[in-house]
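Student: Could you take me on a close look at the sheet in this model, and at what lies around it? I work with cut-offs all day, so please give me those too.

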Amino acid sequence: MVDRVKTGIPGMDEILNGGIPRRNVVLLSGGPGTGKSIFSYQYLWNGLRQGEPGVFVALEEHPVQVRINMSQFGWDVREYERQGMFAVVDAFTSGIGEAAKKERYVVTDPEDVGLLVDALKEAIRDVGAKRVAIDSVSTLYLAKPALARRTVMLLKRVLSGLGTTSILVSQVSVTERGFGGPGVEHAADGIIRLDLDEVNGELVRSLIVWKMRGTSHSMRRHPFEITDRGIIVYHDRVVKVGRRYEV
Ligand SMILES: Nc1ncnc2c1ncn2[C@@H]1O[C@H](COP(=O)(O)OP(=O)(O)O)[C@@H](O)[C@H]1O
Ligand SMILES: [Mg+2]
């Protein structure tokens with residue numbers, strides 16, 4: 001029996017034949033507005049509801065904004081933070097500003113992956129995290145794509161080594177066919193790709209599990225929706241989109 005971590009996202013665990021195999025590091029790849037951050041929040045929140053502590057690494061948005069974004073879906077993490085079950089690693093502010101002074105895990109130089117890893121390890125140990133989401137890893141190597149794979153490998157050693165099952169958000173441009181950065185797709189244990197495509201004058205959301213070590217999974221493209229309660233995946237529906245990429 002494969003030990004799995006349920007995402008708890010409606011329809012998603014069906015596609016994954018039960019969930020993400022424990023300790024996998026999954027690249028969550030997609031263009032802007034495809035739902036990557038919401039997916040990550042929902043994954044962590046569902047863990048908290050099941051008693052699994054979590055850590056969110058904020059590289060794209062202010063930690064205060066992350067908590068607000070989550071609460072808009074009914075996911076208020078502040079009580080879990082007080083209980084020591086949840087932590088946000090602030091890799092956004094560099095400690096600048098009044099609000100940042102209230103953050104417990106601050107990466108003073110987010111460009112420095114070593115500092116980020118130190119703060120991440122500390123947060124994981126403090127809360128006993130089982131789930132981690134990093135939003136986004138692309139920020140760590142946008143200026144130096146040659147380091148992309150090495151950065152993901154380093155994070156993978158740390159995250160898997162500490163026993164967490166993790167989501168690494170990876171940004172791709174609207175037309176990119178890949179998964180964000182040279183070699184990262186090989187380093188990751190799994191790849192879930194989120195897409196937004198214009199079909200008959202309407203934007204359609206879909207996702208596909210491209211790879212997931214340790215399990216079989218749906219090979220189909222499934223439609224999903226974002227609602228004010230989060231993501232709902234239609235695991236029993238398949239969506240076909242036209243020629244979607246420039247090559
Ligand atoms: N309450 C909501 N109901 C429906 N859709 C929403 C809601 N909140 C956000 N969205 C959709 O989610 C998108 C943003 O998702 P997000 O996870 O932040 O994207 P990404 O991180 O991939 O850029 C918005 O562009 C919007 O289309
Ligand atoms: Mg985002």
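Tutor: Happy to! Two strands pair if DSSP finds at least two bridges between them, and the strands (E, at least two residues), like the helices (H or I, at least four), are DSSP runs numbered from the N terminus. This is a predicted model, in which local features need pLDDT of at least 70 and side-chain atom pairs count only at pLDDT 80 or more, while totals for chains, interfaces and linings use all residues. Residues are numbered from 1 along each chain as its sequence is written, and chains are lettered from A and ligands numbered from 1 in the order in which they are written.

With that settled, here is the sheet. It is open and mixed, and its 10 strands run in the order S6-S5-S4-S7-S8-S3-S9-S10-S11-S12. At the edges sit strand S6 (105–106) and strand S12 (230–233), each of which pairs on one side only. Helix H5 (residues 113–127) packs on the sheet, where it touches strand S4 (54–58), strand S5 (86–90), S6 and strand S7 (131–135). The direction of H5 makes about 170 degrees with that of S5; axes here are lines fitted to C-alpha atoms, for helices over the stretch in contact, and angles run from 0 to 180 degrees between N-to-C directions.

Let's look at strand S3 (residues 25–30). S3 pairs in the parallel sense with strand S8 (residues 165–171) over six bridges, and Leu28 has Val169 as its bridge partner there. S3 also pairs with S9, again in the parallel sense, over five bridges, with Leu27 matched to Ile191. Six of the six residues of S3 are buried, meaning that 20 or more other C-beta atoms lie within 10 Å of their own (exposed is 12 or fewer, partly exposed in between, with C-beta atoms placed from the backbone). In a regular strand the side chains alternate between the two faces of the sheet. In S3 both faces are covered, with Val25, Leu27 and Ser29 on one side and Val26, Leu28 and Gly30 on the other.

Strand S4 can be read in a similar way. S4 pairs in the parallel sense with S5 over five bridges, and Val57 finds its partner in Val89. With S7, S4 also pairs in the parallel sense over five bridges, and Gly54 stands opposite Arg131. Five of the five residues of S4 are buried: Gly54, Phe56 and Ala58 face one side, and Val55 and Val57 the other.

Residues of these strands turn up again in the largest nonpolar core. Such a core is a set of buried Ala, Val, Leu, Ile, Met, Phe, Trp, Tyr and Cys residues joined through C-beta atoms within 7 Å. This one has 68 residues, of which Val26, Leu28, Val55, Val89 and Leu168 touch the most other members. Helix H2 (residues 36–49) gives the most to this core, with seven residues. Beyond its neighbours within four places in sequence, Val55 is in contact with Ala87, Val89, Leu120, Ala123, Ile124, Val127, Ala129 and Val132, contact being C-beta atoms, placed from the backbone, within 7 Å.

Now the antiparallel part. Strand S9 (residues 190–199) and strand S10 (residues 202–212) pair in that sense over 10 bridges, and Ile192 stands opposite Val209. The loop between S9 and S10 holds Asn200, whose phi is positive, near 50 degrees, although this residue is not a glycine. Asn200 counts as exposed because it has 6 C-beta neighbours inside 10 Å.

One more backbone detail belongs beside S7. The peptide bond from Asp135 to Ser136 is cis, with omega near -5 degrees, and Ser136 lies in the loop between S7 and helix H6 (138–141).

Finally, the ligand. Around ligand 1 are Gly30, Pro32, Gly33, Thr34, Gly35, Lys36, Ser37, Ile38, Ile226, Thr227 and Asp228, where a residue is near the molecule if its C-beta atom, placed from the backbone, lies within 6 Å of it. H2 and strand S11 (222–227) are the elements that give two or more residues to this shell, and H2 gives the most, with three. The shell divides into three nonpolar, six polar and two charged residues; Ala, Val, Leu, Ile, Met, Phe, Trp, Tyr, Cys and Pro count as nonpolar, Asp, Glu, Lys and Arg as charged, and the others, Gly among them, as polar.

Conventions:
Two residues are in contact if their C-beta atoms, placed from the backbone, lie within 7 Å.
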